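Work through the exercises below with the structure open beside you, and try each task before reading its solution.

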Amino acid sequence: MNQSYQIPSLDDGAERLVTTDSRIRRCIEKAMNKKIELWQEDGIRRIANEIMYLFKSYKSNSKTISYSSLETQIAYVIAYYPNYIETVNEILKIVNIRESSKKEDSTRTIPIYENWIKYFAEKENQKFNIAILGSGPAPELYGLKRFFDRLFYSSKLNRKYFPEITVDLFESQPDWQWTIQYVTKALMYKTESIQRIGTNFIQTNLSNQFSSDHKELKDSYHLIILQNVANEILEENKFFMENLKLFLKRVKPEIGYCVVATRGRQNSKLMTLIRDHVEHESHLRLVIDERSELDFSSYQKQDRKLKKHIFSQIPFEYRSMNNNSKAIVIKSVKV
Ligand SMILES: C[S@@+](CC[C@H](N)C(=O)[O-])C[C@H]1O[C@@H](n2cnc3c(N)ncnc32)[C@H](O)[C@@H]1O
């Protein structure tokens with residue numbers, strides 16, 4: 001017999017995070033074994049310079065951004081990461097609202113939160129495979145952890161029916177593992193949580209040709225995320241899109257989605273290729289195509305110490321960065 005559950009409400013599963021900045025600073029301090037006020041002045045300046053380097057690189061649409069140094073990673077984690085934890089959750093919330101507002105008839109779509117809970121309730125330990133493409137330090141991973149904790153909590157689903165969630169992080173730059181370990185995983189497992197999530201870091205360049213039986217591809221995906229990556233893909237590179245098609249082919253029908261979130265003026269050619277592909281594939285449907293920017297302004301509070309030590313060195317206001325994104329969401333359907 002199927003397990004009983006409650007339909008998660010629209011506000012559950014995607015509540016915005018109020019503050020992460022101070023927690024991120026403390027994770028970094030712990031990893032470095034030194035409070036920020038004791039960091040060397042030139043070390044602080046290098047991080048501030050790297051924030052400027054990232055800011056200018058994104059603004060100029062640079063394709064060759066190097067994240068290999070620890071300072072660049074810390075810069076990204078301080079200046080960008082907090083804004084991108086909840087983006088996917090906010091987009092899933094929009095999908096849920098749109099699907100919920102459909103008329104009740106035979107073609108009614110089951111809203112995504114209900115759909116997933118219903119799927120989990122079918123049997124114990126359902127598999128739920130997530131791929132994050134171009135994960136970097138994976139703020140999405142921490143966001144998803146929060147999302148699933150709330151979803152399970154509000155569904156009142158028996159713990160036995162929580163799925164076995166695995167997240168594969170596809171990323172070309174190996175050095176991000178440090179940040180994933182000391183920041184993302186530290187944030188995720190600091191507090192008691194409902195659900196543990198298995199993660200695999202898969203170092204691979206998604207702009208190189210994959211074979212269709214690439215050993216790292218899972219048979220089936222329930223969620224694929226491509227967040228803030230399009231700008232770093234060369235417009236003339238065709239393999240990235242070909243690889244993405246291999247992932248899309250494996251999205252589980254009626255359960256699985258692919259979320260593409262891009263900030264600013266990102267690679268619009270790639271977005272057009274994605275739309276064209278969906279249009280020509282009968283098993284894929286575009287459920288969201290937001291070409292104007294969605295406002296995901298951050299709710300985070302400022303961290304006094306980051307403001308004093310890092311942002312005092314930078315010629316723009318702390319937390320003044322634009323956090324808007326455009327979004328495409330694709331659903332796999334039965335044909
Ligand atoms: C701006 S970061 C975004 C990280 C994360 N998704 C987020 O939203 O914060 C872009 C990431 O994509 C990775 N990336 C860029 N091109 C890639 C490629 N061809 N294959 C794999 N990863 C790639 C970069 O190394 C970088 O870590």
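Two residues are in contact if their C-beta atoms, placed from the backbone, lie within 7 Å. The model examined here is a predicted one.

**Exercise 1. Describe how helix H4 and helix H6 meet, and sort the residues of their contact by character.**

Solution. Two packed helices are described by the angle between their axes and the distance between the axes. Begin, then, with the axes of H4 (residues 87-100) and H6 (residues 139-155), which come within 8 Å and cross at roughly 50 degrees. Angles under 35 degrees count as roughly parallel and those from 65 to 115 as roughly perpendicular, so the crossing makes H4 oblique to H6. Next, find the residues that touch: Val88, Asn89 and Leu92 on the H4 side meet Glu140, Gly143, Leu144 and Phe147 on the H6 side. Sorted by character, the residues of this contact are four nonpolar, two polar and one charged.

**Exercise 2. Decide how the buried residues of helix H5 are arranged around its axis, and find what they pack against.**

Solution. A residue is buried if 20 or more other C-beta atoms lie within 10 Å of its own. In H5 (residues 112-122) the residues that are buried are Ile112, Tyr113, Trp116, Ile117 and Phe120. Around the axis they cover an arc of only 130 degrees, and therefore they sit on the same side of H5. A general rule helps to read such a pattern: an α-helix has 3.6 residues a turn, so residues three or four places apart point the same way. Finally, the partners against which the buried residues of H5 pack are H4, H6 and S5.

**Exercise 3. Is Arg98 buried, exposed or partly exposed, and how far is Arg98 from Ile112 in space?**

Solution. Locate Arg98 first, in helix H4. Because 15 other C-beta atoms lie within 10 Å, Arg98 is partly exposed. Then take the C-alpha atoms of Arg98 and Ile112, which are 9.7 Å apart in space, while the two residues are 14 apart in sequence.

**Exercise 4. Show which face of helix H8 is buried, and name strands that cover the buried residues.**

Solution. Within H8 (residues 239-249), the buried residues are Phe240, Asn243, Leu244, Phe247 and Leu248. Looking down the axis of H8, these residues fall within an arc of 145 degrees, so they line one face of the helix. Their cover includes strand S1 (127-133), strand S4 (223-227), strand S5 (257-263), strand S6 (284-294) and strand S7 (325-332).

Terms used: Residues numbered from 1 in each chain as written. Predicted model: local features only at pLDDT ≥ 70, side-chain atom pairs only at ≥ 80, totals over all residues. Buried ≥ 20, exposed ≤ 12 C-beta atoms within 10 Å, placed from the backbone. Helix = DSSP H or I, 4+ residues; strand = E, 2+ residues; numbered from the N terminus. Arc of directions from axis to C-beta. Axes fitted to C-alpha atoms, helices over the stretch in contact; angles between N-to-C directions. Parallel < 35°, antiparallel > 145°, perpendicular 65-115°, else oblique. Nonpolar A, V, L, I, M, F, W, Y, C, P; charged D, E, K, R; others polar.
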